[in-house]
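User: I'm new to this structure and would like a close look at one part of it. Could you walk me through the place where the ligand sits, and then the other hollow spaces?

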Amino acid sequence: MQVFSSVTELRSYLAARRSDARRSEKKTIGLVPTMGALHEGHLALIEASRQTNDITGCSIFVNPIQFNNQEDLAKYPRTLEQDCALLDRAGCDFVFAPSADDMYPKAPSLVLNFGPLESVMEGAFRPGHFNGVGIVVARLFNIVHPDRAYFGQKDLQQVAVVRQLVEDLAFQLEVVPCPTLREADGLALSSRNRRLSPEERALAPQLYQVLTEAKERLLRGERVAEAKQFVQDYLAAIPAFRLEYFEVVHSVTMQPLEAVKPGHTALCIAAYLGPVRLIDNVVF
Ligand code: AMP
């Protein structure tokens, strides 16, 4: 496995692998963009890419311009050496781990606006977040030119935003969404989980628990407003949690639903558990 921090070096490596490929049949590249502190959820994306592509790459970059909270950025776990060992074992072919200066020699002046897709949930509570995501993902696509890019459904709204980016800017690649990996107790794997205290970690599965119960209530015919009230009351009873939002939305458009839409209903939640902000969702 080769590790790059420089865009120029990565580009010449990819050019060489591509010219190799020209002698035989065309080789495909799968890219898994991450912010590092890797866990099994990330490795499942690597595995999905390996199953379909000749070459799999992982980018590791804690993208400062997608953080609207400086403390979250400062405390974001950084474990590059361990990440590279995991990726090597997982059969990843290359890692792109640029510094902020490698990634942004100049601060980007372009501003992206995803319209209604970002007026809700993560976009509403984290102003500028999807602008930062869109810019870094577009830069990665232009640096690597992958045939496929792999994203986790844990960040459902991000999948919608990246699809919009690819469509609007005519990137020639396929966006491949992958299911959320969970701990045995239901907690969605997340790099931020390692910031939870043992007490918070013990409470964390309640987030998935409340989503599951809300889903069951909606499937039994409970109204959206009642399900929302149920979720608010449930988490209010656990003082360590502070609910930021719980929304019932269309799983593609991200727009609020007034009633369940079979196959396209997403329940999305964001809550602070102590100092750590967690998100999760279920789609049915
Ligand atoms: P991050 O490093 O948190 O930016 O995540 C990088 C990619 O991994 C994103 O596409 C995430 O949606 C995905 N991801 C994060 N957690 C999980 C999980 N538990 N299961 C599947 N994919 C995940």
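**Around the ligand**

Analyst: Let's start right at the ligand: one of its oxygen atoms has a backbone N or O atom of Met35 2.9 Å away. Keep in mind as you look that this is a predicted model.

Met35 isn't on its own there. A polar atom in the side chain of His42 lies 3.0 Å from an oxygen atom of the ligand. A nitrogen atom of the ligand gets a partner too, with a backbone N or O atom of Leu189 at 2.9 Å. How much of the ligand does the protein cover up? On its own the ligand would expose 480 Å², and the protein buries 93% of that.

Now step back to the whole shell. It holds 17 residues, and the ones that come nearest to the ligand are Met35, Gly152, Asp155, Leu181 and Leu189. So you've already met Met35 and Leu189 through their backbone atoms. Sorted by class, the shell has eight nonpolar residues, seven polar ones and two charged ones.

Which elements do these residues come from? Three of them supply at least two residues each: strand 2 (29–34), helix 2 (40–52) and strand 5 (148–152). Helix 2 has the largest share of the shell, with three residues.

Next, the space itself. The ligand sits in the largest cavity, which holds about 830 Å³ of space. A search of the whole structure turns up two cavities of 30 Å³ or more, and we'll get to the other one in a moment.

The lining of the largest cavity takes in 45 residues. Nearest its centre you'll find Met35, His42, Lys154, Asp155 and Gln158. Some of those names should ring a bell: Met35 and Asp155 are also among the residues that come nearest to the ligand, while His42 is the one with the polar side-chain contact. By class, this lining splits into 24 nonpolar, 14 polar and seven charged residues.

Helix 7 gives the largest share of that lining, six residues. If you want to trace the wall of the second cavity, begin with its volume, about 60 Å³. Its lining includes Lys154, Leu187, Ala188, Ser190 and Asn193, along with Ala204, Pro205, Leu207 and Tyr208, and also Leu278, Ile279 and Asp280. The elements that give two or more residues to this lining are helix 10 (206–219) and strand 9. Strand 9 makes the largest contribution, three residues. Eight of the lining residues are nonpolar, two are polar and two are charged. Notice Lys154 here: it lines this second largest cavity and is also listed among the residues nearest the centre of the largest one.

Last stop, the largest pocket, with about 210 Å³ of space. Which element gives the most to its lining? That's helix 8, with six residues. Among the residues lining the pocket are Leu156, Val159, Ala160, Arg163, Gln164 and Glu167, and you'll also find Leu117, Gln153, Pro177, Ser251, Val252 and Met254 there. In terms of class, seven of them are nonpolar, three are polar and two are charged.

To pull the ligand's part of the picture together: the ligand sits in the largest cavity, the protein buries 93% of what it would expose alone, and Met35, His42 and Leu189 each place an atom at the distances given above.

How values were computed:
Residues are numbered from 1 along each chain as its sequence is written. This is a predicted model: local features need pLDDT of at least 70, side-chain atom pairs count only at pLDDT 80 or more; totals for chains, interfaces and linings use all residues. Side-chain values use heavy atoms; hydrogens and water are left out. A residue is near a molecule or strand if one of its heavy atoms lies within 4 Å of it. A polar contact is a pair of N or O atoms within 3.5 Å; within protein, one must be able to donate a hydrogen and the other to accept it, and residues adjacent in sequence count only if both atoms are side-chain atoms. Accessible areas come from the Shrake-Rupley method with a 1.4 Å probe; for residues, only the protein chains shown count as cover. On a 1 Å grid over the protein atoms alone, a cavity is a set of points where a 1.4 Å probe fits but cannot get out, and a pocket is an open set with protein on both sides within 12 Å along at least five of seven lines; lining residues have an atom within 4 Å of a point. A molecule sits in a cavity or pocket if more than half of its atoms lie within 2 Å of its grid points. Helices (H or I, at least four residues) and strands (E, at least two) are DSSP runs, numbered from the N terminus. Ala, Val, Leu, Ile, Met, Phe, Trp, Tyr, Cys and Pro count as nonpolar, Asp, Glu, Lys and Arg as charged, and the others, Gly among them, as polar. Grid points are joined across faces, edges and corners, and a volume is the space filled by probe spheres set on the points.
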